[in-house]
Amino acid sequence: MVARLVIAAPSSGAGKTTVATGLMAAFAGRGLAVSPHKVGPDYIDPGYHALATGRPGRNLDAYMCGTDLVAPLFAHGARGCDLAVVEGVMGLYDGAADQGELASTAQVAKLLKAPVVLVVDASSQSRSVAALVHGFASWDPEVRIGGVILNKVATDRHEHLLREALGESGVPVLGVLRRAPAVSTPSRHLGLVPVAERQAAAVEAVAAQAEQVRAGCDLEGLLALARSAPPLPDAPWEPSQEPVAGRPVVAVAGGAAFTFSYAEHAELLTAAGADVVAFDPLRDEELPERTSGLVIGGGFPEMYGAELSANARLRKAVAELAASGAPVAAECAGLLYLARSLDGQPMCGVLDADARMSQRLTLGYRDAVAVSDSPLAAAGTRMRGHEFHRTVIEPGAGPVAAWGLRQPVRRVEGFVQGGVHASYVHTHWAAVPETARRFVEHCGR
């Protein structure tokens, strides 16, 4: 039985990340083993969660992984912990477009049988806060809102008015936070700046968030609420695979330019028999020794185009590995890195395509079907994923495409050539664990 809380809000921008990360760090600072989780596909917030807790930040996405895997994945990540804190996504009841409650924070809270703490941006309101909280608490009787944390409270008088109004709501106030510039985290075109790019500044921000939460929140009350959650009957997810012989080396791109990954991917690759070795395309001039497969996930190569281009030795090594037919799985940032150029700067040249920054944000879940056989998936394999980028690549698909997408419009996307599978679509391999073993099998060949 793991004590657990879901941190939600009426809408984006209310302060969920600040509160959730601050709570994680504050409880970890008290000696508790805290398991951090994030609803939805976002990669960036879990980096701050990991910094706060010293454990991998893990995602719970009911669209990409299915509702049946949410509780097992949660139990896997929270195994051995005293407390789990789950940060929500968007507004409490917002989920996948045109899919009802699917992938919403509310749905995940129900699947986890977890109490919800509602973070409310209290600026520019007083008595109305009670109506807002009442509406959210009564909308779905299966969602248990166990408390409210008031954020961006201006003065003691403002706090008094808010508490007085909420006194009649039946939902206790478990925290009051003043406006505090020191806890803010800088953002850019895809959200918060990742931890790997901020280093010491990120450590300072998380420490400030923890201090603000310690000063303004009822930690004992929040812990008691978390411990009121009932036991979950679900067995923890296991990254079990029949291992491939020979321990092939799978190199996984990391560093500041490639920060987007799900912890379960490396666990699945390892379980399938691979030796997973990280490398940094910004710094390393060679691939890890004995590399027989390459995974290049998402990130921000557009912010490091000059540095990636300047590392000509590594670009050549990647191109030679791909030309040899070795399996290469590239998602989003990895796709751009394999292109001929990015914003006019030479990249690896594996793909006959050029990428550039765009003003248009491409964002949303995708229902994808593999168009052809690749080391990642057999033709006809269906996977769910998401796109999240402000770049475009031309052409958008190769002579042999990676995926056929069903929504929001039908189209083909990505590239399959030799052992390369490159696409804008991010996927979560826990949903289709045979993906990892298939990839490692191809590495072993």
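Q: Which residues of helix 9 are met by helix 1?
A: In this predicted model, local features need pLDDT of at least 70 and side-chain atom pairs count only at pLDDT 80 or more, while totals for chains, interfaces and linings use all residues. Residues are numbered from 1 along each chain as its sequence is written, and side-chain values use heavy atoms, with hydrogens and water left out. Contact means heavy atoms within 4.5 Å, and helices (H or I, at least four residues) and strands (E, at least two) are DSSP runs numbered from the N terminus. From helix 1, Thr18, Val19, Thr21, Gly22, Leu23, Ala25 and Ala26 meet Val206, Gln209, Ala210, Gln212, Val213 and Arg214.

Q: How do the axes of helix 1 and helix 9 cross, roughly parallel or roughly perpendicular?
A: Axes are lines fitted to C-alpha atoms, for helices over the stretch in contact, and angles run from 0 to 180 degrees between N-to-C directions. The axes of helix 1 (residues 16-29) and helix 9 come within 7 Å and cross at roughly 85°. Angles under 35 degrees count as roughly parallel, over 145 as roughly antiparallel, 65 to 115 as roughly perpendicular and the rest as oblique, so helix 1 and helix 9 are roughly perpendicular.

Q: How many residues in the contact of helix 2 with helix 9 are nonpolar?
A: Helix 2 (residues 44-53) and helix 9 (residues 200-216) pack at about 70° with their axes 10 Å apart, and the contact is made by Tyr48, Leu51 and Ala52 of helix 2 with Ala202, Val203 and Val206 of helix 9. Ala, Val, Leu, Ile, Met, Phe, Trp, Tyr, Cys and Pro count as nonpolar, Asp, Glu, Lys and Arg as charged, and the others, Gly among them, as polar. With no polar and no charged residues in this contact, the nonpolar ones number six.

Q: Why are the buried residues of helix 7 placed on the same side, and what arc do they cover?
A: Buried means under 20% relative accessible area, exposed over 50% and partly exposed in between (1.4 Å probe, protein chains only). The buried residues of helix 7 (residues 156-166) are His158, Leu162, Ala165 and Leu166. They lie on the same side because the arc around the axis, taken from the directions from the helix axis to the C-beta atoms, is only 95°.

Q: Which strands stand at the edges of the open sheet of six strands?
A: The sheet has the order 11-10-12-13-21-20, with mixed pairing, where two strands pair if DSSP finds at least two bridges between them. Each edge strand has a single partner strand, so one side of each is left without a neighbour in the sheet. The edges are strand 11 (275-279) and strand 20 (415-417).

Q: What is the bridge partner of valine 328 in strand 21?
A: Strand 13 and strand 21 run parallel and are joined by four bridges. Val328 and Ala330 point one way from strand 13, whereas Ala329 and Glu331 point the other way, and all are buried. In strand 21, the partner of valine 328 is valine 420.

Q: Is valine 440 buried or exposed, and what is its relative accessible area?
A: Valine 440 has its place in helix 15 (residues 434-444). Leaving aside neighbours within four places in sequence, valine 440 is in contact with Val244, Pro248, Leu269, Ala272, Gly273 and Ala274. Valine 440 is buried, with a relative accessible area of 0%.
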